[in-house]
Each structure stands twice: as structure tokens, then as C-alpha cells.
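Student: I would like a close look at one part of this protein, the part that the UniProt record annotates as a transmembrane region. Please describe that part in connected prose, together with its surroundings.

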Amino acid sequence: METELRTGLSAAAIVAIVCNSVVAVLILILFVILYKACKIPSCPERAPVLAETQEPQRTEQKYLLAAA
């Protein structure tokens with residue numbers, strides 16, 4: 001009677017199924033995060049600000065190199 005209730009799956013097979021399920025859930029969470037990140041538009045005003053702040057640093061570095 002006990003053999004009739006047994007499903008026939010070994011412990012290793014059950015562990016593999018559980019691990020694959022966890023990986024599937026993590027991949028799903030990753031795709032949700034990527035989807036939400038792609039919906040947020042990047043601000044075009046930030047790029048010129050970064051370019052302007054990098055220019056004085058470059059000139060200062062040129063002066064430091066010339067002074068040395």
C-alpha cells in the first residue's frame with residue numbers, strides 16, 4: 001500500500017525542481033526590474049551638465065602637467 005502512494009520522484013529530482021523554480025522566480029524579478037528601468041526616461045539635461053563639469057577638470061590637469 002505504501003508503494004502505491006509514492007510518486008516515484010527521488011529526492012534529487014525534487015531538489016532540482018525546487019532550485020529551478022527559485023531560479024525562474026529570480027529571472028522573473030529581474031525582467032520586472034529591467035522593464036521598470038526601461039520605462040523611466042533618462043533626463044537629457046544631465047548630459048551637458050556632466051560635459052561642462054568635465055571640461056574645467058581637463059584644463060586644470062593641463063595646467064598641472066604644464067607646471068610640473
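Tutor: What follows takes the annotated span first, then the surface and the cysteines. The model is a predicted one, and the annotation "transmembrane region" comes from an unreviewed UniProt entry, where it covers residues 12-35. In the model this span is 100% helix and 0% strand, and its end C-alpha atoms lie 34 Å apart. The protein as a whole has three helices and zero strands, so that, read from the N terminus, its elements run α-α-α. The helix α2 takes in residues 11-39, and the loop between α1 (2-5) and α2 holds leucine 9.

Turning to the surface, 0% of the 68 residues of the protein count as buried, and of an accessible surface of about 6,800 Å², 68% belongs to carbon and sulfur atoms. A nonpolar surface patch of about 810 Å² is made by Leu9 together with Ile14, Ile17, Val18, Val22, Val25, Leu26, Ile29 and Ile33. Leucine 9, the loop residue named above, counts as partly exposed because its relative accessibility is 45%, a value that lies between the 20% and 50% cut-offs.

The cysteines can be treated in a similar way. Cysteine 19 has 43% relative accessibility and therefore counts as partly exposed, whereas cysteine 38, at 67%, counts as exposed. A disulfide is a covalent bond that joins the sulfur atoms of two cysteines. With a cut-off of 2.5 Å between cysteine sulfur atoms, the count of disulfides in this model comes to zero.

Definitions and conventions:
Residues are numbered from 1 along each chain as its sequence is written. This is a predicted model: local features need pLDDT of at least 70, side-chain atom pairs count only at pLDDT 80 or more; totals for chains, interfaces and linings use all residues. Side-chain values use heavy atoms; hydrogens and water are left out. UniProt positions are given in the numbering used here, feature names are shortened, and annotations may be inferred rather than shown by experiment. Helices (H or I, at least four residues) and strands (E, at least two) are DSSP runs, numbered from the N terminus. Buried means under 20% relative accessible area, exposed over 50%, partly exposed in between (1.4 Å probe, protein chains only). Accessible areas come from the Shrake-Rupley method with a 1.4 Å probe; for residues, only the protein chains shown count as cover. Patches are made of residues with over 30% relative accessible area and no salt bridge: like charges are joined within 9 Å, nonpolar side chains (Val, Leu, Ile, Met, Phe, Trp, Tyr) within 5 Å. A salt bridge is a side-chain nitrogen of Lys or Arg within 4 Å of a carboxyl oxygen of Asp or Glu.
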